[in-house]
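Open your viewer and get a cartoon representation on screen, with side chains ready to switch on. We will move from the whole chain to single residue pairs, one selection at a time.

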Amino acid sequence: MSYVGGISEPHIQDPGRETPVEDQGNDHSQQSQAAAASLQAQQKQQIAQLEEKLVALESGRAGKEKQTNYFVAQGRAIRRIVTLFETIEDLITENDRRHEVEDDAESTLDEDRLQVGYIALMNALPWLPTKAAEMDYNEYSHMLKLLQQGADSAQGDDTSKLKSLVAEWINREFKPNPLVDTDDKHTRGFTNDACGKLLCPAKFDWNDPLVRAGIRDHSDGHIVSDLSFPAFLYDKYTANPNDLEDGLFKSKLLLQAYKAVFTSPSSAKDVERDGDGIDVIQNNKRAKKSAFEIRVKKHVAQIIKMRKVTPCSIAYITCQVRFALSSVTSWRSIDGDFDYEQFWRIVVDFFEKAPG
């Protein structure tokens, strides 16, 4: 400000240098837009990073679910063709024990049976040792748990399937009055004439009223235990008193059950054309291709890579049929005087030890 005559005069700004109000608004708007664009870019980057993490998580979850399903599916073979009662840990422990003792060290019958089971396990799951070596203890324990889950699940599925099928087959073949209930097992067992005839030890004559009464009353001399083969195992459900091995494990009912589990329920209808059933799996062409070369769903034997009938698989089906005929409603190893675990072992030993 200049002073003239003691009176001050206002300083006038050069109009050319003055910033219009509208320009100031534009500058502020541009700055706001730039900030918004920067923020938006940061948000997009964060979203992209989150999406990448989500994809990775979903991929990892999918991978874990796939692995879980694989182990459970693989485990479904164990009860059917490896062992019905021993755990996977018991089989592996016995094999490990043998690596720590001398080659000529003696072993018990139970230890030998466990080792046979371990060999069967390796045949069914050849990838198991390699996969186990890649895991830490927790992963390994979880894998064994999933395999056991699959094993128990398959057994339960087969038990449920045969519960109704066995009743249907008995009703069709024997035409009992009343018919065997396909859902209620309380009316089965020795109280039912049709089921009792099939459960009756082959050394007894079920048609004898004294035998029926003795078995039902658990009288001395008529105790039904795992030491006697039941009639349902024999061809035409009748044993040769002079040769108790004649016709054994060749019954129609046993073959139907075997095919229903390992091939398909529909294939069980064709047992009349299978003779003694030696080629149960090989003869089941339906599960590979239809007459028009159309591929269909694989059956159990193909899924678990079972190429022949084995002692363990016969013993498994034998126990399943025996349970289906009984009045017991939930699976257990002991049914009165009958021990399923010992019975399973007897059947396996019958084939593996080749009795004379």
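**Stop 1: the whole chain**

Before you click on anything, keep in mind that this is a predicted model. Start with the full protein chain, which holds twelve helices and four strands. If you colour by accessibility, 40% of the 356 residues come out as buried. The exposed surface amounts to about 21,500 Å², and carbon and sulfur atoms supply 51% of that area. A contact map is worth a look too: among contacts between residues at least 6 apart in sequence, 61% join residues at least 24 apart.

**Stop 2: the nonpolar core**

In soluble globular proteins, nonpolar side chains tend to be buried together. Here the largest nonpolar core has 83 residues. Select L147, F262 and L325, the residues with the most contacts inside this core. Then add helix α6, residues 137–174, which gives the most to the core, with eleven residues.

Now centre on L147 and show its surroundings. Leaving aside residues up to four places away in sequence, L147 touches F71, Q74, G75, I78, I88, L125, W127 and L128.

**Stop 3: helix α11**

Next, select residues 311–325, which make up helix α11. From first C-alpha to last, the 15 residues of α11 reach 21 Å, close to the 21 Å expected at 1.5 Å a residue. Is this helix mostly covered or mostly uncovered? It is mostly covered, as 14 of the 15 residues in α11 are buried.

Pick out P311 in this helix. At 23% relative accessibility, P311 counts as partly exposed. Which residues does P311 touch, not counting those up to four places away in sequence? They are V348, F351 and E352. Draw a distance between the C-alpha atoms of P311 and V348 and you should read 5.1 Å, although the two residues are 37 apart along the chain.

**Stop 4: the salt bridges**

Side chains of opposite charge can pair when their charged atoms come close. A search of the whole structure finds 16 salt bridges, and three of these make good stops.

- **R97 and E111.** The closest N and O atoms of this salt bridge are 3.5 Å apart. R97 sits in helix α3 (residues 88–99) and E111 in helix α4 (residues 109–124), so the pair ties together parts that are 14 residues apart in sequence. R97 is partly exposed, with a relative accessible area of 25%.
- **K131 and E134.** In this salt bridge, the closest N and O atoms are 4.0 Å apart. K131 is partly exposed at 27% relative accessible area, whereas E134 is exposed at 56%.
- **R345 and E341.** These side chains meet in a salt bridge of 3.1 Å, N to O. Both residues belong to helix α12 (residues 340–352), where being four residues apart separates them by about one helical turn. R345 counts as buried at 13% relative accessibility, while E341 is partly exposed at 25%.

**Stop 5: a charged network**

Stay with R345 and E341, and widen the selection. Which residues are linked with them in a network of salt bridges? Add E86, D110, R113 and D349, and the network is on screen.

Definitions and conventions
Residues are numbered from 1 along each chain as its sequence is written. This is a predicted model: local features need pLDDT of at least 70, side-chain atom pairs count only at pLDDT 80 or more; totals for chains, interfaces and linings use all residues. Side-chain values use heavy atoms; hydrogens and water are left out. Helices (H or I, at least four residues) and strands (E, at least two) are DSSP runs, numbered from the N terminus. Buried means under 20% relative accessible area, exposed over 50%, partly exposed in between (1.4 Å probe, protein chains only). Contact means heavy atoms within 4.5 Å. Accessible areas come from the Shrake-Rupley method with a 1.4 Å probe; for residues, only the protein chains shown count as cover. A nonpolar core is a set of buried Ala, Val, Leu, Ile, Met, Phe, Trp, Tyr and Cys residues joined through side-chain atoms within 4.5 Å. The expected span of a helix is 1.5 Å times one less than its number of residues.
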